[in-house]
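Good morning, colleagues. I should like to take you through one structure today, beginning at its surface and then turning to its interior.

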Amino acid sequence: IDIVSLVVETEDGVVPQIHLQGVRAAPKGTVMFLTDDRPIVLEAEISGMEEVYGGGAGLVKSQALVRLTIDEDSPPALLAFGARDPQLFAPGQGT
């Protein structure tokens with residue numbers, strides 16, 4: 001794994017009281033769009049998305065996306081693991 005990001009949906013693109021590298025704010029609906037309502041998504045042979053990985057997106061060639069439910073009052077979030085190896089993550093792998 002070469003890069004990890006925590007993506008949190010927000011109304012205005014700002015994650016309140018969190019200013020850490022690797023934490024990304026995303027528009028409402030992003031988590032559902034990226035995961036297609038699945039709890040875990042494994043993808044090979046991809047191009048990393050800047051919305052997920054920021055400046056490190058260009059090195060991402062495969063990824064694992066894990067939907068997070070922090071609590072019932074928290075916005076949707078996901079943990080993204082990106083790799084340079086285009087086959088490190090692939091559909092059909094065990095999770």
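Let us begin with the surface of this predicted model. Ile1, Val4 and Leu88 make a nonpolar surface patch of about 260 Å². Of these residues, leucine 88 lies in the segment after S5. Is leucine 88 buried or partly exposed? Leucine 88 has a relative accessible area of 35%, so it counts as partly exposed, because that class runs from the 20% limit for buried residues to the 50% limit for exposed ones.

I turn next to strand S1, which spans residues 3-10. S1 is mostly covered, with six of its eight residues buried. Which strands pair with S1? One partner is S5, and this pairing is antiparallel, over six bridges. Within S5, glycine 82 stands opposite isoleucine 3. Another partner is strand S2, residues 23-27, which pairs with S1 in the parallel sense over five bridges. There, valine 23 of S2 is the bridge partner of leucine 6.

That brings me to the interior. The largest nonpolar core has 14 residues, and those with the most contacts inside it are Val52, Tyr53, Leu65, Leu78 and Ala80. At least two residues of this core come from each of strand S1, helix H1 (30-35), helix H2 (50-53) and strand S5 (77-83).

Finally, I would draw your attention to tyrosine 53. Leaving aside residues up to four places away in sequence, tyrosine 53 touches Ile3, Ser5, Arg24, Gly48, Val60, Gln63, Leu65, Ala80, Phe81 and Gly82. Among these contacts are Ile3 and Gly82, the two residues that stand opposite each other in the pairing of S1 with S5. Thank you.

Key:
Residues numbered from 1 in each chain as written. Predicted model: local features only at pLDDT ≥ 70, side-chain atom pairs only at ≥ 80, totals over all residues. Heavy atoms only, no water. Core = buried A, V, L, I, M, F, W, Y, C linked by side-chain atoms within 4.5 Å. Buried < 20%, exposed > 50% of the residue type's maximum accessible area, 1.4 Å probe, protein only. Helix = DSSP H or I, 4+ residues; strand = E, 2+ residues; numbered from the N terminus. Contact = heavy atoms within 4.5 Å. Pairing = 2+ DSSP bridges. Patch = residues over 30% accessible without salt bridge, like charges linked within 9 Å, V, L, I, M, F, W, Y side chains within 5 Å. Areas by Shrake-Rupley, 256 points an atom, 1.4 Å probe, with all protein chains shown as cover. Salt bridge = Lys/Arg side-chain N within 4 Å of Asp/Glu carboxyl O.
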